[in-house]
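Hello,

Here is the structure I promised to pass on. Have a look at it first, and my notes on pockets, cavities and the ligand follow below.

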Amino acid sequence: MFQKINALVATAAVAALLVSGSAFASGPVKIKFSHVVAENTPKGQMANKFKDLVGERLAGKYEVEVFPNSQLFGDNKVLEAMLLGDVQMAAPALSKYSRFTKKLQIYDLPFLFKDMAAVEKFQKGPVGQELLGSIGKKGLVGLGYLHNGMKQLSSSKALKVPADADGLKFRIMSSDVLAAQFKAVGATPLKKPFSEVFTLLQTKAIDGQENTWSNIYSKKFFEVQPYITETNHGLLDYMVVTSKEFWMGLPDADRAVIKKSLDEAIAFGNDVAAKKAMDDRKKIIDSKRTEVIELTDAERAQWVEVMKPVWVEFEKEIGKDNIDAAYKSNM
Ligand code: LMR
């Protein structure tokens with residue numbers, strides 16, 4: 001794997017030289033931003049805002065092209081494509097970086113963060129910032145975290161306690177932590193691309209999935225899942241990423257404007273995320289297409305008890321100190 005990544009990095013270096021050499025001679029430099037979600041989501045809106053800001057500030061020099069809904073690449077391909085120079089920016093979920101670093105698996109640990117304020121606190125702190133740099137050795141640059149929100153469990157069956165999930169099949173992102181989390185409740189996890197989830201649910205090839213309110217709403221999962229349990233059991237957060245070669249190939253002044261635009265777009269996207277988590281939840285409930293199940297404290301405690309041992313399983317790869325620091329951000 002390392003050899004493959006190194007080869008990709010070398011190819012990207014050549015591609016970046018070509019880009020910087022011929023940059024402005026033939027029109028604006030294109031910054032392709034690929035993502036998998038709908039435009040009307042926190043990530044979709046962040047990407048469009050970024051496009052607008054760069055368009056205002058660097059008109060004629062740079063042009064951001066946004067490709068939503070897995071139109072250009074799914075998350076299983078996008079990072080390799082980035083190292084080859086086929087796409088310049090993306091923001092995969094933190095769960096999708098495990099081929100590049102095991103440390104980011106921390107964000108998948110069930111029931112680690114009690115809310116988004118704790119996530120924000122941790123990410124702004126020294127350990128969160130160090131983790132942002134954890135993909136740096138593989139030719140990628142983490143430019144910033146972006147929020148979506150807490151995940152809920154949707155299913156063909158009403159899930160109140162962990163035993164209700166026993167024997168069911170759940171789609172997960174490509175994360176071993178998420179696989180362990182579902183195995184802990186006796187369910188079967190299946191790693192599948194986001195673009196396939198709706199059809200898998202609709203055809204009943206799988207029984208359920210976990211996602212945020214905005215993804216469940218914008219991709220209409222609630223129309224093909226009779227139950228959604230409001231578990232808030234895990235986090236869906238992103239890292240906006242680019243290739244080192246592309247990024248370092250930019251003139252300093254342009255890079256600074258692009259980074260500032262991105263930071264502002266991320267702040268905007270985070271506000272959208274907070275608002276959509278509430279609004280899309282309400283729209284789903286009001287649709288009456290699905291039943292939203294709220295857990296009692298005793299029921300929730302059962303999920304915590306069954307899933308939390310996953311932390312120990314991944315402690316070595318993630319680092320116990322990192323987990324402790326994340327846990328402290330709840331206080
Ligand atoms: C998923 O695959 O469920 C999410 O990563 C999709 C996304 O980017 O929000």
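The second largest pocket has a volume of about 220 Å³. Its lining has 16 residues, and D75, N76, K96, S174 and P193 are the closest to its centre. By class, that lining has 4 nonpolar, 6 polar and 6 charged residues.

Before going on, a word on the basis. This is a predicted model, in which local features need pLDDT of at least 70 and side-chain atom pairs count only at pLDDT 80 or more, while totals for chains, interfaces and linings use all residues. Residues are numbered from 1 along each chain as its sequence is written, and side-chain values use heavy atoms, with hydrogens and water left out.

The terms, briefly: on a 1 Å grid over the protein atoms alone, a cavity is a set of points where a 1.4 Å probe fits but cannot get out, and a pocket is an open set with protein on both sides within 12 Å along at least five of seven lines; lining residues have an atom within 4 Å of a point. Grid points are joined across faces, edges and corners, and a volume is the space filled by probe spheres set on the points. Ala, Val, Leu, Ile, Met, Phe, Trp, Tyr, Cys and Pro count as nonpolar, Asp, Glu, Lys and Arg as charged, and the others, Gly among them, as polar.

The largest pocket has about 310 Å³ of volume. Of its 24 lining residues, M116, N148, G149, M150 and A277 lie nearest the centre.

Now to the enclosed spaces: there are 3 cavities of 30 Å³ or more. The largest cavity holds about 70 Å³, and K96, M173, F194, N215 and L236 are the nearest to its centre among 13 lining residues. This is where the ligand sits (more than half of its atoms lie within 2 Å of the grid points).

Around the ligand (a heavy atom within 4 Å) are V36, V37, K43, A93, K96, R171, M173, F194, N211, N215, L236 and Y238. Which side chains bring an N or O atom to an oxygen atom of the ligand? N215 does so at 2.9 Å and Y238 at 2.4 Å, and a polar side-chain atom of R171 lies 2.8 Å from a ligand oxygen. The protein covers 100% of the 270 Å² of accessible area that the ligand has on its own (Shrake-Rupley method, 1.4 Å probe).

Best wishes

Technical notes:
Polar contact = N/O pair within 3.5 Å; in protein donor to acceptor, adjacent residues only side chain to side chain.
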